[in-house]
Amino acid sequence: MARVLLQNIWKRYPGDVVAVKNFNLDIQDKEFVVFVGPSGCGKTTTLRMVAGLEDITEGDLYIGDRRVNDVAPKDRDIAMVFQNYALYPHMTVYQNMAFGLKLRKFPKAEIDRRVREAARILDIEHLLDRKPKALSGGQRQRVALGRAIVREPQVFLMDEPLSNLDAKLRVQMRAEIRKLHQRIQTTTIYVTHDQTEAMTMGDRIVVMRDGVIQQVATPQEVYNHPVNMFVAGFIGSPAMNFLRGELVEEGGSIYFRAPEISIRLPEGRYPALRQAGVIRKPVVLGIRPEDLHEDEVFQATYPEGTITGRVEVVEHMGSELYLHFTKGGQPIVARVSARFDPRPGSEVKLTMDMNKLHIFDAE
Ligand code: ADP
Ligand code: MG
């Protein structure tokens, strides 16, 4: 097990592509860290640099106490699981899992012990004599994990390992990988473009954009206190509503104003907003769909946060509804209980949870 430390890491590809820019991250021993961000933001490049499959242009990489910039991949004591896990078709599951150890000239008895132990952890003992073509997608993915586990590495590196599985299996495997980590506690870096995977799996998540880290924090922290509009819009589903407007000070209070919208902000926010000097500046008010409420208790508590609108579309999601409406030309989505079932075209009253408002600099 090991700490992984990335210090001022840069990656430039030929042709002036700067894929990773000044990446700094201290991953604790036993931690499960998820890199998340849209396609092309530099997740795979960063992971491949940790693996040693890609040269580091600038900066220092440590695994444990060792600087490994110039250490060959096979000597870094890491194991990787990819999206396109190629199992050898002519080998059985047992042989597939044993192969890497055999190459490294492990004694037969040790190989056998490790393969059987990994098979037990992954619940694939009954499949050891099968060939890959006789396995389901989920079983193959488990074998791919097994090949990594038998190595007993210091660090697991996983690059979108679930993206070839169907949605239902993905949800199941996501929990299995977490369970696996709870059992063997190997430091893990997990890459995904899927914010749900990141939120559900990571001890901490690293949100990336254009090769730059935007925020490193626990899922709760990233959800509750996103540092900018990019993170706010990327994490959460449906995405956070963004309303463009400005802050106006009037009679000692601070209001957010946009066409057809005027909301007096909670007094607790005034000092920070004054200090930031954002009064009379264009800002973006962020409110998550789940922080817009239809019930009367909220309306009584936060009359200043209540807005009305004409419902355009109702999306039925089982126990919940997504209501789409427009206010002063700006689209808003509310995620409410299915008990509240307004007809399209009808007028609804929705109340913002005033403790869950976000104010961003307009981008
Ligand atoms: P992600 O995994 O987040 O989708 P990547 O790390 O694959 O992103 O890519 C980051 C950026 O680096 C992208 O702009 C991509 O086009 C570029 N890139 C990746 N690999 C190479 C390469 N071998 N040569 C040149 N550019 C590359
Ligand atoms: Mg990638």
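These legends describe close-up views of a predicted model.

**View 1. The shell of residues around ligand 1.**
Ligand 1 is surrounded by Tyr13, Val17, Ala19, Gly37, Ser39, Gly40, Cys41, Gly42, Lys43, Thr44 and Thr45. Two elements each give two or more residues to this shell: strand E2 (17-27) and helix H1 (43-51). The largest share, three residues, comes from H1. Sorted by class, the shell around ligand 1 holds four nonpolar residues, six polar residues and one charged residue.

**View 2. The hairpin of strands E1 and E2.**
Strand E1 (residues 4-13) and strand E2 run antiparallel and are joined by seven bridges. Within this pair, arginine 12 is found opposite valine 18 of E2. The two strands of the hairpin have three residues between them, and glycine 15 has a positive phi near 90 degrees. E2 also appears in View 1, as one of the elements that give two or more residues to the shell around ligand 1.

**View 3. The packing of helices H2 and H3.**
Helix H2 (residues 93-103) packs against helix H3 (residues 108-122) at an angle of about 135 degrees, and their axes are 10 Å apart. At this angle, H2 and H3 are therefore oblique to each other. Their crossing is right-handed. On the H2 side, Tyr94, Met97, Ala98, Leu101 and Lys102 meet Ile111, Arg114, Val115 and Ala118 of H3. What classes of residue make up the contact of H2 with H3? There are seven nonpolar residues, no polar ones and two charged ones in the contact of H2 with H3.

**View 4. The packing of helices H4 and H5.**
Helix H4 (residues 137-149) and helix H5 (residues 167-184) have axes 11 Å apart and pack at an angle of about 25 degrees. Angles under 35 degrees count as roughly parallel, and H4 and H5 are therefore roughly parallel to each other. The crossing of H4 past H5 is right-handed. H4 contributes Gly137, Gly138, Gln141 and Leu145 to the contact, while H5 contributes Leu169, Met173 and Leu180. By class, the contact of H4 with H5 is made of four nonpolar residues, three polar residues and no charged residues.

**View 5. Two loops with unusual backbone values.**
Most residues other than glycine have a negative phi, and most peptide bonds are trans. Glutamine 185 has a positive phi, near 55 degrees, although the residue is not a glycine. Where is glutamine 185 placed? Glutamine 185 lies in the loop between H5 and strand E8 (187-192). In the second loop, the peptide bond from serine 237 to proline 238 is cis, with omega near -5 degrees. Proline 238 belongs to the loop between helix H8 (229-234) and strand E11 (241-250).

**View 6. An open sheet that contains E11, E12 and E13.**
This open sheet has five strands in the order E13-E12-E11-E14-E20, and the pairing is antiparallel. E13 and strand E20 (358-361) are at the edges; each has a single partner strand, so one side of each is left without a neighbour in the sheet. On average, neighbouring strands of this sheet are turned by 40 degrees against each other, with direction ignored.

**View 7. The hairpin of strands E12 and E13.**
Strand E12 (residues 253-258) and strand E13 (residues 261-264) run antiparallel, with four bridges joining them. Opposite arginine 257 is serine 262 of E13, and opposite alanine 258 is isoleucine 261 of E13. The hairpin has two residues between E12 and E13, and in the turn glutamate 260 has a positive phi of about 65 degrees.

**View 8. An open sheet with E15 and E18 at the edges.**
This open sheet of five strands pairs in an antiparallel manner and has the order E15-E19-E16-E17-E18. Which strands are the edge strands? Strand E15 (292-293) and strand E18 (330-337) are the edge strands, and each pairs on one side only. E15 is joined to strand E19 (residues 347-352) by two bridges, and E15 and E19 run antiparallel. Leucine 292 has methionine 352 of E19 as its bridge partner.

Notes: Residues numbered from 1 in each chain as written. Chains lettered and ligands numbered in written order. Predicted model: local features only at pLDDT ≥ 70, side-chain atom pairs only at ≥ 80, totals over all residues. Near = placed C-beta within 6 Å. Nonpolar A, V, L, I, M, F, W, Y, C, P; charged D, E, K, R; others polar. Axes fitted to C-alpha atoms, helices over the stretch in contact; angles between N-to-C directions. Parallel < 35°, antiparallel > 145°, perpendicular 65-115°, else oblique. Left-handed = near helix turned anticlockwise from the far one by under 90°. Contact = placed C-beta atoms within 7 Å. Pairing = 2+ DSSP bridges.
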